[in-house]
Amino acid sequence: MITPTQMRAARAMLDISQGVVAEHLGIAANTLSKIESGQSDVSVSRNADIQKFYEREGIAFTENDGVKWSQEEIRIYQGTDDFCAFMDDVYESARTVGGEFCVFNVQPGNWIKMMGEEKYKAHSNRMEKLGDKIKVKITSKKGNKNFISKAFAEYRWVPEEMFNAKSFYVFDDKIAFMSFDDNDILKSRILVLKHSDFASGFRILFNIAWEHVAEQPS
């Protein structure tokens, strides 16, 4: 478990307010304030949620109340809880950085399986509220009409022979390689590479396919 000292230091490194962190965690700002000051006991699960939030933002925790910037360029997510954490990362990038988000080879049912309809709806709503700050492009197999992200994204079809079950998601300076397991959803994995040059390169390739291969759904 991380300590209140580490929580305060991590938030200072990111230069964000208690309100921002509390909103992300779904708790009141004064509750977080008491946790950070050591005035309130924190459950193991809540402590883990706080730690995961900071780790997603690039913070690493060390012994003796230590805090440093993480040097990791690769992160792996597995299972339903991690999938929701990954989508939180996508949203935070959308909210704070914005820009173009490219999603290739989407099978919409996988998102619903991993998040559940209620959580996906909440994610869709928060992305829609960002408006023109983001531009989301999604390709799926020709004939698919399950446009679950149509509130904030544009869809195009790719020919069936170019489609497979592996997806990639480019956002900010990251590219995520997504592998879904139809037999055991808990084995589904996402590998996220944080590397601006690779992300830029895949974004260029995606847009070539978007402009010259993909077609508008009929």
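**Why these labels? A chat about a predicted model**

Author: The protein chain has 8 helices and 9 strands. Keep in mind that this is a predicted model.

Reader: What makes the protein chain as compact as a globular protein of that length?

Author: Its radius of gyration is 19 Å, and the globule rule gives 17 Å for 218 residues. Those two values are close, so the chain counts as being as compact as a globular protein of that length. Along its principal axes, the C-alpha trace spans about 60 × 35 × 35 Å. As for the surface, the chain exposes about 11,700 Å², with carbon and sulfur atoms supplying 48% of it.

Reader: And inside, how many of the residues are buried?

Author: Buried residues make up 41% of the 218. Contacts reach along the chain, too: of those between residues at least 6 apart in sequence, 67% join residues at least 24 apart.

Reader: Which residues touch the most other members of the largest nonpolar core?

Author: That core has 31 residues, and F83, F86, W111, M127, Y169 and M178 are the ones touching the most other members. Helix α5 (residues 79–96) gives the largest share, 8 residues. Another core, of 15 residues, lies apart from it, with M7, I50, I59 and F61 among its members.

Reader: What is F83 in contact with, leaving aside its neighbours within four places in sequence?

Author: F83 is in contact with W111, M114, M115, M178, F180 and I190.

Reader: Now S188. Why is S188 called buried?

Author: Buried means under 20% relative accessible area. S188 has 3%, so S188 counts as buried. You'll find S188 in the loop between β8 (174–179) and β9 (189–194).

Reader: What lies 2.9 Å from a polar atom of the S188 side chain?

Author: The backbone nitrogen of D181. D181 is also one of the residues S188 is in contact with once neighbours within four places in sequence are left aside; the others are Y77, Q78, G79, M114, S179 and F180.

Reader: How do you know that the buried residues of helix α3 are on the same side?

Author: Start with who they are: in α3 (residues 29–37), L32, I35 and E36 are buried. They cover an arc of only 95° around the axis, so they sit on the same side of α3. Among what covers them are α1 (4–14), α2 (18–25) and α4 (44–56). After α3 comes G38, with a positive phi near 80°.

Reader: Which other residue has a positive phi, near 55°?

Author: That's D15, a residue other than glycine. Most residues other than glycine have a negative phi. D15 lies in the loop between α1 and α2.

Reader: What makes D15 exposed?

Author: Exposed means over 50% relative accessible area. D15 has 69%, so D15 is exposed.

Reader: Then why is D65 called partly exposed?

Author: Partly exposed covers what falls in between under 20% and over 50%. At 37%, D65 falls there, so it counts as partly exposed. D65 has a positive phi as well, near 65°, and is a residue other than glycine. Its place is in the loop between β1 (59–62) and β2 (66–69).

Terms used
Residues numbered from 1 in each chain as written. Predicted model: local features only at pLDDT ≥ 70, side-chain atom pairs only at ≥ 80, totals over all residues. Heavy atoms only, no water. Core = buried A, V, L, I, M, F, W, Y, C linked by side-chain atoms within 4.5 Å. Buried < 20%, exposed > 50% of the residue type's maximum accessible area, 1.4 Å probe, protein only. Helix = DSSP H or I, 4+ residues; strand = E, 2+ residues; numbered from the N terminus. Contact = heavy atoms within 4.5 Å. Polar contact = N/O pair within 3.5 Å; in protein donor to acceptor, adjacent residues only side chain to side chain. Rg over C-alpha atoms; globule rule 2.2 N^0.38 Å. Areas by Shrake-Rupley, 256 points an atom, 1.4 Å probe, with all protein chains shown as cover. Arc of directions from axis to C-beta.
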